[in-house]
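Grab a pencil and work through these short exercises on how two chains meet. Each task comes with a solution in steps.

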There are 2 protein chains.
Amino acid sequence: MASDWDRLLERLRVLRDLGSASSLLTWDQAVMMPPGGAIGRAQTLATLEAIAHERLTDPAIGELIDALADADLDQWQRAHVRVLAHDYERAVRVPADLVRAIAEARGLAYPVWTRARPANDWRMFEPPLNKLINLKKQEADAIGYDGERYDALLDMFEPETTTAEIESIFYQLVTELRPISEAILEAAGQRPAWLTGDYDERAQQQFCAWLVERLGFTMAEGRLDTSPHPFTQMIAYGDVRQTTRTHPKTILPAIFAAIHETGHALYDLGYPKDHFGLPAGGAPSLGIHESQSRMWENQVGRRASFCAWMLPNLKERFGHALGSLTPEQFHRGVNHPERSLIRVDADEVTYNLHIALRFELELELFRDKLEVSELPEAWNDGMERHLGIRPESDVNGVLQDVHWSIGALGYFPTYTLGTLYAAAFFDVAQRDLDGLDADFRKGDCSRLLDWLREKVHSNAYLYPARELGRMITGAPQSVNPFLNYVKSKYGEIYEITF
Amino acid sequence: MASDWDRLLERLRVLRDLGSASSLLTWDQAVMMPPGGAIGRAQTLATLEAIAHERLTDPAIGELIDALADADLDQWQRAHVRVLAHDYERAVRVPADLVRAIAEARGLAYPVWTRARPANDWRMFEPPLNKLINLKKQEADAIGYDGERYDALLDMFEPETTTAEIESIFYQLVTELRPISEAILEAAGQRPAWLTGDYDERAQQQFCAWLVERLGFTMAEGRLDTSPHPFTQMIAYGDVRQTTRTHPKTILPAIFAAIHETGHALYDLGYPKDHFGLPAGGAPSLGIHESQSRMWENQVGRRASFCAWMLPNLKERFGHALGSLTPEQFHRGVNHPERSLIRVDADEVTYNLHIALRFELELELFRDKLEVSELPEAWNDGMERHLGIRPESDVNGVLQDVHWSIGALGYFPTYTLGTLYAAAFFDVAQRDLDGLDADFRKGDCSRLLDWLREKVHSNAYLYPARELGRMITGAPQSVNPFLNYVKSKYGEIYEITF
């Protein structure tokens, strides 16, 4: 006779497969789907989400969770039940109609965004966004919260983290980071000329495909495509797909998007096989997930030793533009900070100021202090406040990010949490692994990857994010490792004393 | 209050969306998926199929079908209920466990086939195929039949058609076709040299992409990719994807696969929008579906007038190989018949002999007169009997087709039915539309497409296949239009009197 665990596992596998199907539908929507498929895709995704919600909230799941409370389970089984209980309790509070309405609104807002952005047409995007945000408010209210409404949204991406904690982190970070970034921006001066040039897009794609395999990604278990907004999607165990985007006039964005997404992809590929798709089988939070992408992109990819290895390989394909560059010039260009309008192309110094803006706007929306119609103006004001520049158009302002169009509200702060985790984790990796720079100078990242697999990837969601962070670093979360990293690295490049 | 019809429609839309998700998972599996995703994909497809089966066989569906028997419905609603009742009655007879087992076995056999074929390793493919065929026997027995087991399989692809009817058709066809094809093969002589050459694969893909849009296909509502086995998959209304395959040493297979698949795709794109994914919203049978692909491929694509238009366009890209070819030489090469081993590359004269072989083998398997282990030998013997040649390896024999690996048993005969329908329908189109050849000589297929939309596409499954065929042709199904077409066309090309 099947045990309670076996009966639960059978249900969890159905949820896993429904999630896998939705993942593919989502990936395809962004990468492969012809425009004509948009409406059908929104319906299909909404139906799968409704079925998954129905299955997750089946009272039998609640009974099995209760029955397993005192059962003799191993640590993985306990973790699965713990995470499932959390998801179940939240899911049962959301009416099925609302789940479906949100899925449909999301499925319709996304294609509108893909058209509104190139057309620089905020008015096209405003109605579906407004609808979606109203539905997300209803969802947050249905789920409930101890502190404030935004807590319920945050919890979807960074469980067990409160708005108050995030506000405190941003307050410390922005206060300290603004003068530091001003000093760095002033010292950095003019943008190096080679950052703009003629870079064949096909050659960029080929270089990225070669590079990500050097980092440990494999096309046997994934794909690298291009899409307007780079992202990584795990479809199933052994099928993790990333994208980058190329532009014919610049080369670094494609490369660093690929390195960033490889960080995500290597994490997904490092989960323990037997637990894929089960509640504790993936990352404990998006902040932890982002720690991997940011570490590969910044602590590794933008590091002098790694850049010194990458440059001659780049010259093989782009000799016409990069032939005379020294490793020092390349490293300086890779780390050239500027007051830029586009978050995904921002340098690591100013990046978190972009995030602070988005967090503030989301907070105001969900505190009912800001209307969706006021977003473009509020965005532009915020850019002036944080970065001292004002977008001349909504393409470079409020329309730039995909997140809101897919209902990912409460998501942005996890980028900054990832930045903080990345800096803190890399400090430990450097202590644990002697001579990492010598590895990187040979393009060898295998020791770092093994370390991450052991410390981060293989744990999946055995522990909540904060606990995992503390296990790795031995300290509570703090803005200091990141601030020290920025001061030390940029102080050296631009000869600034902080 | 929702009417019975509204309540049924809500359930039908869920089935539509589950079907759409499975379609995408299947397309992706063949075109995009990395090898590492194979096991997860099989599980996901099996889960979706199990959920769809569970929803379809919900007793509430049976009750709604009964309740709607005497309701005041329009002709589309009546058609949906009629087709649903047929599907429902069959589905309730198949146990859920068997549905899942077949889906899993299929999901596992397919990736094995993709490896076994290039490796020419029948022994690798035999165990999963054997398992799948045993499960399909169980399924057929569970569904039941009046005549014989194979009837239950046929009905999945060609509803309301019996094995006895198909046997009679093949008997007439093969008896008459063999001497005709022998005469044509003898007259045709040597293969023209230009059929083999150096044809850049990327240029082939570009030509195919250009060509299919000239035929009426649009990338706004579909895709054209490459895959080992060309196919068309409708994902949703406005999202119909086709594939072709290229080979660097030959050009015609890619082009005629693309024209063939465009025939399928134009049909799918021509269904009435409001009925997409509902029971009567698509083709009444695969035979009717194949009538569209074969007509575009053969009656149009291999026609002298169309070839005369295509040749100069081909010369623009492949001038090095085709520059000196006359339209007559090109048309003759396009219609060069030979004793070939590979069905998908076969000419239209011998094609149906390939199908006859597969039908015979399937019949023997399901009549328990042949073991799966005996298939390679039986295949090779059959090729000698039908075509006078014997495959030297299983790659060119029993391993060549994808169908069995995906559990499509009972499918092959629909290719021949499609051949017969295509010839009969095109006779009517020629009578209805004056000066079609003048259109084709300008690359203009729009009048034919409009005719097909009206006569075939827009009817979807309002009428059973045979009834639709009779409505269009005014006559019962017959092998004569096809035989007359072959005798007339090849008699002219090769100056043979039949």
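**Exercise 1. How much area is buried between chain A and chain B, and which three residues of chain A supply the most?**

Step 1: about 2,700 Å² is buried between chain A and chain B, with carbon and sulfur atoms giving 56% of that. Buried area here is the accessible area (1.4 Å probe) that two parts lose on being put together, summed over both.

Step 2: on chain A's side, A:D17, A:M32 and A:P34 supply 17% of the area buried against chain B, more than any other three residues.

A word on the ground rules: this is a predicted model, where local features need pLDDT of at least 70, side-chain atom pairs count only at pLDDT 80 or more, and totals for chains, interfaces and linings use all residues. Residues are numbered from 1 along each chain as its sequence is written, chains are lettered from A and ligands numbered from 1 in the order written, and side-chain values use heavy atoms, leaving out hydrogens and water.

**Exercise 2. Find how many residues are in contact and how many salt bridges cross the interface.**

Step 1: count contacts (heavy atoms within 4.5 Å); 38 residues of chain A touch 38 residues of chain B.

Step 2: look for salt bridges (a side-chain nitrogen of Lys or Arg within 4 Å of a carboxyl oxygen of Asp or Glu). The rule finds 6 across the interface of chain A and chain B.

Step 3: pick an example; A:D239 and B:R41 form a salt bridge through their side chains, at 3.6 Å, N to O.
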